[in-house]
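Here are some exercises to help you find your way around a new structure. Have a look at the model first, then try each task before you read its solution.

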Amino acid sequence: MIDLRSDTVTLPTPEMREAIARAELGDDVYGEDPTVNRLQEIAAAIVGKEAALLVPSGTMANLTAMLTHCPRGTKVIVGAQSHTNLYEAGGASALGGIVLTAIENTADGELELYDLERELETSSDAHFAQPALAVVENTHNRCGGAAVAVSHMAEVAALAHKRRLPIHLDGARIFNAALALETTPSEIAAQVDTVSFCLSKGLSCPVGSLLCGSREFIARAHRTRKVLGGGMRQAGIIAAAGMVALETMLNRLAEDHQNARALAQGLALIAGLTVPSVARRTNMVVFEVDGDAALARRFAAAMKERGVLISPRGGNEFRAVTHYGISADDVGRAAAVAAQVAGELFGD
Ligand SMILES: *Cc1c(COP(=O)(O)O)cnc(C)c1O
C-alpha cells in the first residue's frame, strides 16, 4: 500500500527504536526524567523560546496553550479553516469555557487582517466576551499545507500586540514551514508568544508534541497539563524518539516537499482532476475529482483497490500527503494509478 492519507501514519526509524530501548528514564511528574528534560531544552532552543513542555499530542499542546492563556468566558480568535477551529473537538469551549471566534482565512492560510482588526476592537463594555488570544497556523493544514509568510505573521503580531493580546502558533509542521520559507523555526516563532509543534507527523515519532514559551508561561502550562491528565511518568520513552527526530529528521523533509511537488504536477496532467495551486507548497497535495461526491468516492475506492490510499476532505476533494516511507517511485506510481482510474471513470 502507498499510504498518502497523512504524515501521521509514519513509523519510527530504526534509530528511534534503538534510542527508545536505551533511554535513561525517571518520573517526569517529579521532573526527574533526564531524557524528557533534555528534549524540552533542545526543543525550546530550536524555536527560540525559554522553555518547553512535552505533551502527548498536538491537540493537547494547543488546548494546554489556550487554557493557560485564557480565563473562562474570554475569546480565542482563530482562522475559520484552522485545525484549532475544525479538528480539535471544541476542546477549548468544552473544557475551558472559552469562546472560539472564527474569522476568515485566505486561501493561502493567512488571517483576514481586516476581520482580525475588527475582533481586536471588541468593546470593553460588559456585554462582550473579551479577546484573550489569537491563534495562527503554519504550515496551514486545511489550506493545502501552505507555508505562511513570516511577514504575515509579523502583521498579525503587530496588530495583536498593540492591544496586548498574546499569539499562539499552531506549528504542528513548523519545520516544513521553515524549509519552504527558507528560514529557521526560531525566525517564524519569534513573531509569537507561544508555539506548539508535533513530533508525530513528518518527524515520524510514535507520540508527542511540544509546547514552547516563556519560563513563566510553561510553568503555568505544566499545571494545565496535569489538569488534562497529560502528566506522564517515564515519558523519556517518548522523548528519546523525539531527540532522534530533531537530530536526524528535519532536513529530510525537503524530500517530502519535492515528492509533493512531483505528485501535484503529475495529478495536474490528468483529465478529470483539478489541482488548485498552492503558493509555498510543502508536503501536501489537495485535489478535486471533477463531478459529484459519489463519483469522487468511486475514484478513491478504485485507487485503494490498486494500492493507493488518499484521504477524503468532504465533497469531491482529497488530500495526499508525502512523508518518510514514501519514495519518489511511490509518488510516480500513485500518479500513474490515478491516471488509470481517471481514464476509466472519465474515458468516453
Ligand atoms: C495534526 C495537527 C494538530 C494536532 O495534532 P494531534 O497530535 O493529531 O493531536 C494540530 N494542528 C495541526 C495544524 C495539525 O495538522
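**Exercise 1. Two domains**

How far apart do the C-alpha centres of domain 1 and domain 2 lie? Work out where each domain runs and what the contact between them looks like.

*Solution.* Keep in mind that this is a predicted model.

Step 1: Start with the bounds. Domain 1 covers 11–248 and domain 2 covers 252–346.

Step 2: Take the C-alpha centres of these two domains, and you get 29 Å between them. The contact draws on 23 residues from domain 1 and 16 residues from domain 2.

Step 3: Now the area. The two domains bury about 1600 Å² between them, and 53% of that is on carbon and sulfur atoms. On the domain 1 side, R142, G144 and N176 lose the most area to domain 2, together 29% of what that side buries.

**Exercise 2. The sheet of 7 strands**

Find the order of the strands in the open sheet of 7 strands, and say which ones stand at the edges.

*Solution.* Step 1: Read across the sheet and you get β2-β8-β7-β6-β5-β3-β4, with mixed pairing.

Step 2: Check the two ends of that order. β2 (51–55) and β4 (99–103) each have a single partner strand, so one side of each is left without a neighbour in the sheet.

Step 3: Look at the twist. On average, neighbouring strands here are turned by 20° against each other, direction ignored.

Step 4: Zoom in on one edge. β2 pairs with β8 (residues 209–213) in the antiparallel sense, over 5 bridges. One pair to find is L53 with its bridge partner L211 in β8. Helix α10 (residues 215–227) packs on the sheet too: it touches β2, β7 (194–198) and β8, and its direction makes about 20° with that of β2.

**Exercise 3. Strand β5**

Is β5 (residues 131–137) enclosed or open, and which strands does it join by bridges?

*Solution.* Step 1: Count the buried residues. It's 7 of 7, so β5 is largely enclosed by the rest of the structure.

Step 2: Look for partners. β3 (residues 75–79) runs parallel to β5, joined by 3 bridges. Here K75 stands opposite P131.

Step 3: Then try β6 (residues 167–170), which is also parallel to β5 and joined to it by 4 bridges. A134 has I167 in β6 as its bridge partner.

**Exercise 4. A residue in α9**

Find I188 and describe its surroundings.

*Solution.* Step 1: Place the residue. I188 lies in helix α9 (residues 185–189).

Step 2: Check its exposure. The relative accessible area of I188 is 0%, and the cut-off for buried is under 20%, so I188 counts as buried.

Step 3: See what it touches. Leaving out residues up to four places away in sequence, I188 has contacts that include V150, M153, L169, I174 and L181. N138 is another one of them; I188 and N138 are 50 residues apart in sequence, but 8.8 Å apart in space, C-alpha to C-alpha.

**Exercise 5. The sheet of 4 strands and its helix**

Which order do the 4 strands of the other open sheet follow, and how does α12 pack on it?

*Solution.* Step 1: The order is β9-β10-β13-β12, with antiparallel pairing. β9 and β12 are the edge strands, each pairing on one side only.

Step 2: Follow the pairs. β9 and β10 share 2 bridges, and T274 stands opposite E288 in β10. β10 and β13 share 5 bridges; there you can spot F287 opposite F318, and V285 opposite A320. β10 is mostly covered, with 5 of its 6 residues buried.

Step 3: Bring in the helix. α12 touches β9, β10 and β13, and its direction makes about 15° with that of β10. Helix α12 (residues 253–268) has 16 residues and reaches 23 Å from its first C-alpha to its last, close to the 22 Å expected. Its buried residues, including L253, A260 and L267, pack against α8 (174–181) and α14 (328–346) as well as strands β9, β10 and β13.

Step 4: Finish at the β12 edge. S311 lies in β12 (residues 311–312) and is buried, with a relative accessible area of 14%. Not counting residues up to four places away in sequence, S311 touches R5, E317, F318 and R319.

How values were computed. Residues numbered from 1 in each chain as written. Predicted model: local features only at pLDDT ≥ 70, side-chain atom pairs only at ≥ 80, totals over all residues. Heavy atoms only, no water. Pairing = 2+ DSSP bridges. Axes fitted to C-alpha atoms, helices over the stretch in contact; angles between N-to-C directions. Contact = heavy atoms within 4.5 Å. Expected span 1.5 Å × (residues − 1). Buried < 20%, exposed > 50% of the residue type's maximum accessible area, 1.4 Å probe, protein only. Domains from an automatic or database assignment. Buried area = accessible area lost by both parts, 1.4 Å probe.
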